[in-house]
Amino acid sequence: MSRADHRPSRRAFLGVTGTAMAAGLAAGCESGSPQSGQLDAPASTTPVSPTGQHQAGITLPQPAQPNLLAVVADLGDAVAVGPLLADLGQAILTLTAGTDARLLGLPPGDLTVTIGVGPRLVRMVGPSLPGAVDLPQFSREQIAPQARGGDLLIQICASDALVLPILAAALLDQAGDRMHERWRQSGRRGSNVPVDQGLTAPRNLFGFIDGIVGPHTTVQEQRDLWLAGPAPVAGGTIAVLRRMELDLPRFATLSVADQEAVFGRYRATGVPLSGGTITSDPNLGAKTPDGRYLIPADAHVRRAHSNVVGVGLMLRRSYSTDEPAPGLLFISFQNDIRTFTSTLTRMDHSDALLEFTTTTASATFLILPGFDQQHPLGATLFHCTGRPQ
């Protein structure tokens, strides 16, 4: 039985330790656990507020915490969605504040919890709302039915990996029988590399710096990341999760030059093959004296370039995994699902990077707007229509 087919009990989450690593849109994962004799950096103790216009765990903190546990679950048909979300939100407030006994005395540190609802639940409120559309199937997928889709996403991130399974157990306990696990994945990001002022990015398992391009400024975030309307979803965003296995041995047989041709960037520096600096926009028209493109036609940076695809930027955050197989959990946030689907459709046609990936789980979620004590999690969406919840 594959892990995707397995539905563990809530107690099983106590065995999840978030032992994975970091990566990029169609490939990449950070190096694994520390070398023998190497110590982990101390976990951050700076708290991250769970309240505000947007949920924590997307743009805050910066940089993102190194450890993640994603839990994808289904709800029963008769479950009152609004009260369940409100219960989860209240639990998040006490857990992140460190006042919940279910933390077992551990300090929450920079813990964040981010909640999203799947297309089925969004369609219950309004079939034309953002987040109501399921992801289509793409090539290079080997996804068991249990590992496709889902009603609820719980994304837990922290610098202290030990906090993650304890938090998952507490939130699953809060939900009780109203929620049943569908699939889960733990992951880890590696050390950050300076990219620009205030901007860092980790290397992936292929050895390349990952996450250089994205909506990093406030203007870009308002344009491409956050939902501006309609009112029930304003302040939220759309998340896509894709778990992938990587063919690392085959990639490693390529020469460094061939590896760089796959990505369209220099491995050591992250600079585009067309030149400039790491933050330079790739010059897709640049050619050698004999007429060859400096960035090959099937290079990842060309096939996934937002201007070429004709879409906005996506905030990409990837975590490398070692179970159920070496690979990555890719997460993107964008305010239009077509940003992801159009990009991957173009990559499907001819992206050299996809030849080294196989997708084994896939889902999309509407990340709910922010909340606080006076405004329960999910209230704008599931209390706004007058429907009984």
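**Exercise 1. Surface and overall make-up**

How much area does the protein expose, and what share of it do carbon and sulfur atoms supply? Give also the confidence of the model and the make-up of the chain.

*Solution.* The structure is a predicted model, and the answer to the opening question is that about 16,100 Å² is exposed, with 53% of that area supplied by carbon and sulfur atoms. As a next step, take the confidence: the average pLDDT of the protein is 89, and 88% of the residues score at least 70. Residues 1-40 have a pLDDT below 50, and this stretch has 142 contacts in the model beyond near neighbours in sequence. Residues 384-389 also have a pLDDT below 50, with 11 contacts beyond near neighbours in sequence. Turning to the make-up, the protein contains 10 helices and 11 strands, and of its 389 residues 55% are buried. Among contacts with a separation of 6 or more, 77% are between residues 24 or more positions apart.

**Exercise 2. An aromatic cluster**

Determine how the ring of Phe-263 is paired, and where its partners lie in the chain.

*Solution.* Begin with the count, which comes to 7 aromatic pairs in the protein. One of them joins Phe-206 to Phe-263, with 6.0 Å between the centres and 65 degrees between the planes; since planes over 60 degrees apart count as edge-to-face, this pair is edge-to-face. Phe-206 belongs to the loop between strand S7 (199-202) and helix H4 (218-224), whereas Phe-263 belongs to helix H6 (residues 256-263), so the pair ties together parts that lie 57 residues apart in sequence. Both Phe-206 and Phe-263 are buried.

Another partner of Phe-263 is Phe-251, in an edge-to-face pair with 6.1 Å centre to centre and 90 degrees between the planes. Here Phe-251 is in helix H5 (residues 248-252) and Phe-263 in helix H6, 12 residues apart. The burial can be checked against the cut-off of under 20% relative accessible area: Phe-251 counts as buried because its relative accessibility is 3%, and Phe-263 because its value is 7%. As a final step, ring pairs link Phe-206, Phe-208, Phe-251, Phe-263 and Phe-356 into a cluster.

**Exercise 3. Charges over rings**

Which arginines lie over the rings of Tyr-319 and Tyr-293?

*Solution.* For Tyr-319, the residue over the face of the ring is Arg-189, at 5.7 Å from the ring centre. For Tyr-293, the charged end of Arg-302 sits over the ring, 4.6 Å from its centre.

**Exercise 4. The nonpolar cores**

Describe the nonpolar cores, and then follow the surroundings of Val-117 and Leu-121.

*Solution.* The largest nonpolar core has 66 residues, and those with the most contacts inside it are Leu-85, Ile-115, Val-117, Ile-154, Leu-167, Leu-171 and Leu-381. A second, separate core has 23 residues, including Ala-70, Leu-225, Tyr-319 and Ile-331. As general background, nonpolar side chains in soluble globular proteins tend to be buried together.

Leaving aside residues up to four places away in sequence, Val-117 touches several residues, among them Leu-85, Asp-151, Leu-152, Phe-365 and Leu-381. Leu-121 lies in helix H2 and, with a relative accessible area of 1%, is buried. With the same sequence neighbours left out, Leu-121 touches Leu-75, Val-81, Asp-151 and Phe-382. Leu-121 and Leu-152 are 31 residues apart in sequence, while their C-alpha atoms are 8.6 Å apart in space.

**Exercise 5. Backbone details in the loops**

Locate the cis peptide bonds and the positive phi values described here, and state how exposed the residues with positive phi are.

*Solution.* Take the cis bonds to begin with: the bond from Leu-60 to Pro-61 is cis, with omega near 0 degrees, and Pro-61 is in the loop between strand S1 (21-23) and strand S2 (67-75). The bond from Gly-229 to Pro-230 is likewise cis, with omega near 0 degrees, and Pro-230 is placed in the loop between H4 and strand S8 (237-246).

Next come the phi values. Leu-104, although not a glycine, has a positive phi of about 60 degrees; this residue lies in the loop between helix H1 (81-97) and strand S3 (112-117) and is exposed, at 65% relative accessible area. Arg-140 has a positive phi near 60 degrees and is also a residue other than glycine. Its loop runs between helix H2 (119-125) and strand S4 (152-158), and Arg-140 is partly exposed, with a relative accessible area of 35%.

Definitions and conventions: Residues numbered from 1 in each chain as written. Predicted model: local features only at pLDDT ≥ 70, side-chain atom pairs only at ≥ 80, totals over all residues. Heavy atoms only, no water. Helix = DSSP H or I, 4+ residues; strand = E, 2+ residues; numbered from the N terminus. Buried < 20%, exposed > 50% of the residue type's maximum accessible area, 1.4 Å probe, protein only. Contact = heavy atoms within 4.5 Å. Areas by Shrake-Rupley, 256 points an atom, 1.4 Å probe, with all protein chains shown as cover. Phe/Tyr/Trp six-rings, centres within 6.5 Å; stacked < 30°, edge-to-face > 60°. Lys NZ or Arg CZ within 6 Å of the ring centre and 35° of its normal. Core = buried A, V, L, I, M, F, W, Y, C linked by side-chain atoms within 4.5 Å. pLDDT = per-residue confidence, 0-100.
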